[in-house]
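The exercises below walk through one protein structure, each with a task and a worked solution. Please look at the sequence and the structure first, and then try each task before reading on.

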Amino acid sequence: MKNKKLYIVMVGLPARGKSTIARKLKENLEKDNVRTRIFNNGDLRRRLSGEETWRPEFYDPKNKEGVALREKIAMININGAKKYLGGNGQVAILDATNVSQARREKIIALLDDHPQLFIECINDDEDILEASILRKVSLSEFNRLDKHTAISVFKQRIRYYQQIYSHLKNERNFVKLHSLHNQILEEEIRDNIPFYSRIRDFIVTDTVKNLFLIRHGETFFNLEDRIGGDSGLTEKGNAQAKALAQHFKTRKIPYIFTSKMKRTIQTANPIKRLQKDCAIIALKEFDEIDSGVCECMSYEEIRREMPEVYSRRKQDKYNYIYPDGEGYVSMKKRIDMGIKKAIYLASNSQNIMIVGHQAVNRMILSHFLYRRTEDVPYIYIPQDKYYHIIATQDKKLFQLRRYKD
Ligand code: F6P
């Protein structure tokens, strides 16, 4: 492994997750003692230009001055990467948009002393894009603008990049990655790429350092064994939420993902209050199973009034779909999407928290931990404990932990 060296070239429009992937790749390679450095054009631009380059016209491909400055910055990093691998560095990651053919040809020609792996990040999910742009405009270069203007300025920047964007095609070694789904859309590897199996496995793996998976506190419907609906927390439920807040107050929780339902948001509120800087993000993907015609009924009422529904669900709970509603099987897609969104949005933090529901949390657990589908609808999801999940390439941990109630 010692003499193996590699250039990784990130490719993609702004706000597509390139830097997040670059950072995680570095972290992961370094765990294997692979000396890795990131050469980020945006950081360098902000340092060199004193942030004056926030203006969208700077990115207009027809703006000669802008193009020249960006090329200069790219060259500094290209040379820096070459020097790094010429010394004792092993992996140099060029973190920039690199969307134009011309830029990539330059890289290919200048960095020909070691193999190059291009990683193109693609993601057109509107919600994620909006959230990523919101994160971008919190950078200090946008301080002078109000949020609304900053967002439109950033979108204009993206449109300029779109004008010169050409997808990877003729590069010798490349991966096109859907950066939200961690899914390889296209792969072409012609050379012997050092560390490739480690890198490939890493980019397709959902990684969470600390995921705290909580079920909402007790609700009035829980007391009556009623399903669905949008009932609020009981006194005991509120006390549970407060106890959770105390339990987590020494951990830094930047995001709490909930469903759109009252009971999860009411559980999250006290936790947020005891945090310094914390946002609640309510995702519809984490809404509880829609029990259709059975919404708001108790299990006893369903058994009595809809015996057919009751017995068919009992026979095959995972695959059964409530009339006009959902089943575990049909929730899978949206739950997976919710998990991807949460991981993506919280990618800069060590801790992610999800406050979900019984069926939702079963599905989230089974996303990380293999369970036979027929067992998934019976996973134990208590209200006085939570799951602490670690799922990285090297470590898997599932711990059911009690908080003081
Ligand atoms: O009872 C609470 C609840 O969250 C209901 O809203 C939901 O229908 C149910 O749990 C899901 O659990 P099961 O699939 O075991 O009925």
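**Exercise 1. Describe how β11 and strand β12 are joined, and find the partner of I389.**

Solution. Begin with the pairing: β11 and β12 (residues 396-402) run antiparallel and are joined by seven bridges, where strands are DSSP runs of E with at least two residues, helices are runs of H or I with at least four, and both are numbered from the N terminus. Two strands count as paired if DSSP finds at least two bridges between them. Next, look at the link, since the two strands form a hairpin with four residues between them. Finally, go across from I389, and the residue that stands opposite in β12 is F398.

Before going on, note that this is a predicted model, in which local features need pLDDT of at least 70 and side-chain atom pairs count only at pLDDT 80 or more, while totals for chains, interfaces and linings use all residues. Residues are numbered from 1 along each chain as its sequence is written, and side-chain values use heavy atoms, with hydrogens and water left out.

**Exercise 2. Work out which elements supply the largest nonpolar core.**

Solution. A nonpolar core is a set of buried Ala, Val, Leu, Ile, Met, Phe, Trp, Tyr and Cys residues joined through side-chain atoms within 4.5 Å; buried means under 20% relative accessible area, exposed over 50%, and partly exposed in between, with a 1.4 Å probe and protein chains only. The largest such core has 42 residues, and I389 is among those with the most contacts inside it, as are L211 and F368. At least two residues each come from β7 (208-215), β8 (255-258), α13 (328-345), β10 (351-356), α14 (358-368) and β11 (385-391). The largest share, nine residues, is that of α13. As a last step, follow L211, whose contacts (heavy atoms within 4.5 Å) include I354, I364, F368 and I389, not counting residues up to four places away in sequence.

**Exercise 3. Decide whether P270 is buried or exposed, and find what it touches.**

Solution. First locate P270, which lies in helix α10 (residues 262-273). Its relative accessible area is 9%, so P270 is buried. Then list the residues it touches, which are A241, K242 and A245, again leaving out residues up to four places away in sequence. P270 and K242 are 28 residues apart in sequence, yet their C-alpha atoms are 5.8 Å apart in space.
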